[in-house]
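Hi,

Here is the structure I said I would pass on. Have a look first, and then read my notes underneath.

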Amino acid sequence: MRILFLTHSFNSLTQRLIVDLTAAGHEVSIEFDIADSVAEEAVALYRPDIILAPFLKRAIPATIWQNNLCLVVHPGIAGDRGPSALDWAIQRGESAWGVTVLQANAIMDGGDIWAMEAFPMGLEKKSSLYRNQVTEAACKAVAAALARHLEGRFQPCPLERWPDVRGIERPLMRQADRKINWESDDTRTVLRKIHAADGFPGVRDELFGAPCFLFDAHAEPEMAGRPGVLLGWRGQAVVRATCDGAVRIGHVRRPDHAHTFKLPAAVAFASELESVPLLDDAGADGIRYEEAEGVGYLYFDFYNGAMSTDQCQRLLAAYRQACACPTRVIALMGGEDFWSNGIHLNLIEAADSPADESMRNIRAMDDLAEAILRTTSHLTIAALAANAGAGGAFLTLAADLVWVRPGIVLNLHYKNMGNLYGSEFWTYTLPRRVGAEQAASITQSRLPLGGTQAARMGIADECFGEDAASFRNEAKKRASAIAALPDYGERLAAKTEARWRDEAIRPLTQYRELELAEMKRNFYGFDPSYHYARYQFVHKAPHAWTPRHLCRHRNIL
Ligand code: COA
């Protein structure tokens with residue numbers, strides 16, 4: 001089928017659906033929801049069999065849904081309506097939720113139901129819930145709806161006939177609904193409120209007497225104090241007492257600040273660093289090391305997968321320590337929601353010289369990539385239970401083995417960020433895996449790749465696991481098996497030998513210097529595209545057009 005995506009942005013769910021639907025043999029084109037007239041034009045140009053709205057903030061124009069089958073993905077159970085579906089579900093502490101695929105009609109989220117997929121819920125951040133359970137459920141529900149449409153006889157179910165309707169219409173959640181009462185809210189309630197606003201819009205509050213929006217909260221069960229009092233800094237996060245414990249707040253957005261976008265709390269409140277004590281920051285930087293059965297597991301759970309200069313340096317130090325351990329395999333496990341998204345664009349934007357900070361950050365990423373590439377003491381594995389993008393996706397290729405989950409999305413390109421040339425030794429590692437021609441095609445096409453596709457193309461070595469938890473369990477079994485291989489020694493020797501052969505042909509430093517020379521031009525050169533793109537990205541500027549590589553209907557002209 002020809003499927004037109006009408007979407008607010010090219011977000012992770014949209015990308016995953018495109019990967020799935022293309023793999024299922026459908027032809028997909030994308031139009032961002034910019035104006036009714038633009039959407040109408042896209043429909044006229046593409047003449048799709050179905051229009052799918054995976055992530056839309058406005059209603060589809062009547063001129064479109066009256067004349068085309070339009071399916072809307074709503075992150076709520078049957079009967080749930082409104083723009084804050086997940087926010088309310090998290091705040092109310094639902095233990096089960098779902099995604100519904102509805103046929104667009106005159107009532108926003110009120111159309112007949114084509115499919116619904118349920119999932120269990122715990123105390124997750126909204127952003128995390130969206131990238132994991134919601135994405136998986138949405139993919140299943142869309143696949144079911146499309147199969148039903150193709151089958152031809154299926155009649156979507158009006159809500160009145162749906163069994164056990166629990167959902168109701170709920171309004172936009174306002175800041176008044178999110179307000180934390182520090183005197184009386186316990187830790188769980190505070191976490192629920194901040195989690196329900198994570199990603200966007202955050203919970204409006206005050207820290208150090210200044211207004212700010214709170215994100216990225218974690219329980220601090222070992223700490224307590226007078227409710228509402230700031231107990232100190234742990235890493236880049238500030239710890240605040242609740243009525244039965246404390247929470248750590250990692251990120252804030254200050255509307256009154258020189259930089260109004262999201263930043264680590266210690267950066268946004270740099271001038272207030274000395275006004276509260278520094279607490280023990282062990283474990284607060286997202287880096288964790290574990291060992292089992294000859295394998296060292298390095299976890300790096302960085303907010304939004306962004307890796308600042310400091311985070312890269314800490315991770316490199318942790319990596320070197322892992323290399324010094326008497327294990328045989330090192331598995332780089334990434335974080336809960338992302339494996340890595342490359343250099344930290346928000347911190348770069350906030351730096352006195354974004355060009356200098358970009359250079360520092362990319363060098364720190366390269367140091368890490370180089371240390372992994374030069375490892376001769378261990379076999380290394382990049383184990384991706386979650387998505388990776390740009391420099392973060394290329395960093396995976398520094399490992400000897402890349403393991404992915406079918407449901408992950410890899411954005412193996414830099415071009416979207418103002419035509420960045422890219423670094424992390426990609427000019428060595430990508431052609432090494434897929435050949436020069438395919439490497440060029442992957443980086444130029446700027447399209448997301450699914451896990452299965454990445455494995456088929458040779459970008460990943462193995463692809464397994466139903467969900468993130470089963471992937472991690474299976475990855476551990478496979479990593480231990482490698483550590484126990486009778487020919488482990490020969491494998492390690494073969495890898496080392498291959499590295500020296502490659503080094504003799506062209507030293508790693510040459511790849512690094514060439515890439516960095518190009519990056520230097522991106523950061524300091526005449527063309528400001530990277531600085532412009534980064535500004536737009538960090539400030540979340542609305543899209544003014546759909547990039548040409550996404551809207552194939554405009555290329556048929
Ligand atoms: N630096 C800082 N923040 C980043 C980031 C980065 N490198 N990559 C992603 N983020 C943030 C986004 O701003 C967003 O913030 P929010 O919490 O305020 O919503 C959040 O991470 C999630 O990103 P989003 O774009 O919504 O996620 P996605 O899964 O839909 O898309 C990517 C993933 C990788 C395609 C997209 O985030 C991206 O293009 N990131 C930039 C990658 C990049 O160019 N890195 C620099 C070159 S190495």
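Let me start with one loop: Glu293 sits between strand S13 (287–292) and strand S14 (295–300). Before going on, keep in mind that this is a predicted model. What caught my eye at Glu293 is its backbone: phi is positive, about 45°, although the residue is not a glycine. Is Glu293 buried or exposed? Its relative accessibility is 63%, and since anything over 50% is called exposed, Glu293 counts as exposed.

Follow the chain past S14 and you get to a second case. Asn304 lies in the loop that runs from S14 to helix H9 (309–323). Asn304 also isn't a glycine, yet its phi is positive, at about 60°. With a relative accessibility of 33%, Asn304 counts as partly exposed, because that class covers the range between 20% and 50%.

One more backbone oddity: the peptide bond from Phe200 to Pro201 is cis, and its omega is near 0°. For orientation, Pro201 belongs to the loop between helix H7 (187–196) and strand S7 (203–207).

Now the domains. The chain is split into domain 1 (2–161), domain 2 (175–275) and domain 3 (287–525). So where do domain 1 and domain 3 stand relative to each other? Their C-alpha centres are 33 Å apart, and there is contact between them, with 10 residues of domain 1 touching 14 residues of domain 3.

As for the chain as a whole, I count 20 helices and 22 strands. Along the principal axes, the C-alpha atoms fill a box of roughly 65 × 60 × 55 Å. The radius of gyration is 24 Å, which agrees with a compact globule, because a globule of 557 residues would come out near 24 Å. Buried residues account for 55% of the 557. If you take the contacts between residues at least 6 apart in sequence, 70% of them join residues at least 24 apart.

Last, the surface and the charges. The accessible surface is about 23,900 Å², and carbon and sulfur atoms hold 52% of it. The chain has 60 positive and 68 negative charges, and the mean positions of the two sets are 2 Å apart.

If you open the model, I'd go to the two positive-phi residues, Glu293 and Asn304, and then to the cis bond before Pro201.

Cheers

Conventions. Residues are numbered from 1 along each chain as its sequence is written. This is a predicted model: local features need pLDDT of at least 70, side-chain atom pairs count only at pLDDT 80 or more; totals for chains, interfaces and linings use all residues. Side-chain values use heavy atoms; hydrogens and water are left out. Helices (H or I, at least four residues) and strands (E, at least two) are DSSP runs, numbered from the N terminus. The radius of gyration is taken over C-alpha atoms; the globule rule is 2.2 Å times the number of residues to the power 0.38. Buried means under 20% relative accessible area, exposed over 50%, partly exposed in between (1.4 Å probe, protein chains only). Contact means heavy atoms within 4.5 Å. Accessible areas come from the Shrake-Rupley method with a 1.4 Å probe; for residues, only the protein chains shown count as cover. Lys and Arg count as positive and Asp and Glu as negative; His and the chain ends are not counted. The place of a charge is taken as NZ of Lys, CZ of Arg, CG of Asp or CD of Glu. Domain bounds come from an automatic or database domain assignment.
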